[in-house]
Amino acid sequence: MPPLLRVDDLRAYYFGFRGTRVVKAIDGVSFSLEAGETFGLVGESGCGKTSTCHAIVRLLPPSARIVSGRIELEGEDLLGKSQTEMRQIRGRRIATILQDPMASLDPLFSIYDQVAEPAYYHRAFRGRRLRQRVKELLSAVRIPSPERRMKDLPHQMSGGMRQRIVGAIALAGGPQVIIADEPTTNLDVTIQLQYLNLLKDLQRASGVALIFVTHNLGIVAKMCDKVGVMYAGKIVEMQSVRGLFYNPRHPYTRALLDSIPKLGTKDPLYVIPGQPPDLSRLPAGCSFQPRCQSAMERCRVEEPSEQHLDDAATTRCWLPLHEATTRG
Ligand code: SF4
């Protein structure tokens, strides 16, 4: 049986005026996802995480084009679908939660209208059943007094409530996959944990698969089953969440882990040297080479291919970390 979602060797580039500048935003990304599973996509800003999510739902901006690869949902080829067919898939089979709830909610429509729309459009709820469905969804995302609050406009809700409303909208179409793109970035730390627990509970109840985009490795540890670490448009390491934290293989993953602030130490915070590369002017060889402390001559001339390691992990590095350790 095919996996629920499979992304295979996906490449999407942004093209400048008359094709003068090409930005390789997604450069050979592959992963798969099963029902009920959570896949984390991590990496610094601009590494291609959000572009990958937009490509899956075919919502890349007009200047970008998917140039090769496959995206399959239960074996169905999504890249062969028309935009009309994709409108039936977005919301009904793949829903998205974005990081800024105010950008996702329409300030002029009531909470009821916005939660009801996908349930009406994708699941044919009508009349009293539709109202009941909206109430259930608002209760599921823990909005107090849902009957009363459904008449409110978005500005009458707190930031945390608005983000939970966006979660209710994502669930309203009964999707198989939810793509959550940094959904806690705009929440106070005090309510981030509540929101993550809520997402987990909703996932357990519905069996939906989650793609969780974040740059916060603490969230990865809490939420994800497996993780893809992105750098310069590529997944440079794929691991189970446990493997990532206890046995990282790529120097970039190691550097990300080292930059997590640690309690009870007076050591200065580790900062990854240099800057993420300009995707239109990538260095020769390995893209991480100018910042990598293990770089060798080969890294400067030859781009590392994907290597399958012994424990089902993959990495794109000529000197995966266990080798680096044994070589001293
Ligand atoms: Fe570092 Fe070389 Fe591995 Fe790139 S291929 S991460 S430069 S060791």
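**Exercise 1. State how much area is buried between domain 1 and domain 2, and what share carbon and sulfur atoms give.**

Solution. The two domains bury about 1400 Å² between them, where buried area is the accessible area (1.4 Å probe) that two parts lose on being put together, summed over both. Carbon and sulfur atoms give 64% of this area. On the side of domain 1, the residues that lose the most area to domain 2 are Asp 27, Glu 44 and Leu 217, together 38% of what that side buries.

The model is predicted: local features need pLDDT of at least 70, side-chain atom pairs count only at pLDDT 80 or more, and totals for chains, interfaces and linings use all residues. Residues are numbered from 1 along each chain as its sequence is written, and side-chain values use heavy atoms, with hydrogens and water left out.

**Exercise 2. Locate the two domains and count the residues in contact.**

Solution. Step one: the domain assignment, which is automatic or from a database, gives domain 1 as 5-224 and domain 2 as 230-261 + 282-325. Step two: their centres, taken over C-alpha atoms, lie 28 Å apart. Step three: with contact meaning heavy atoms within 4.5 Å, 21 residues of domain 1 touch 16 residues of domain 2.

**Exercise 3. Identify the salt bridge partner of Arg 291 and the number of salt bridges across the interface.**

Solution. The rule requires a side-chain nitrogen of Lys or Arg within 4 Å of a carboxyl oxygen of Asp or Glu. Two salt bridges across the interface of domain 1 and domain 2 satisfy it. Arg 291 pairs with Glu 44 in a salt bridge, and their closest N and O atoms are 3.1 Å apart.

**Exercise 4. Determine the model's confidence along the chain.**

Solution. The measure is pLDDT, the predictor's confidence in each residue, from 0 to 100. The protein chain averages 91, and 98% of the residues score at least 70. Over residues 324-328, however, the pLDDT is below 50, and this stretch has two contacts in the model beyond near neighbours in sequence.
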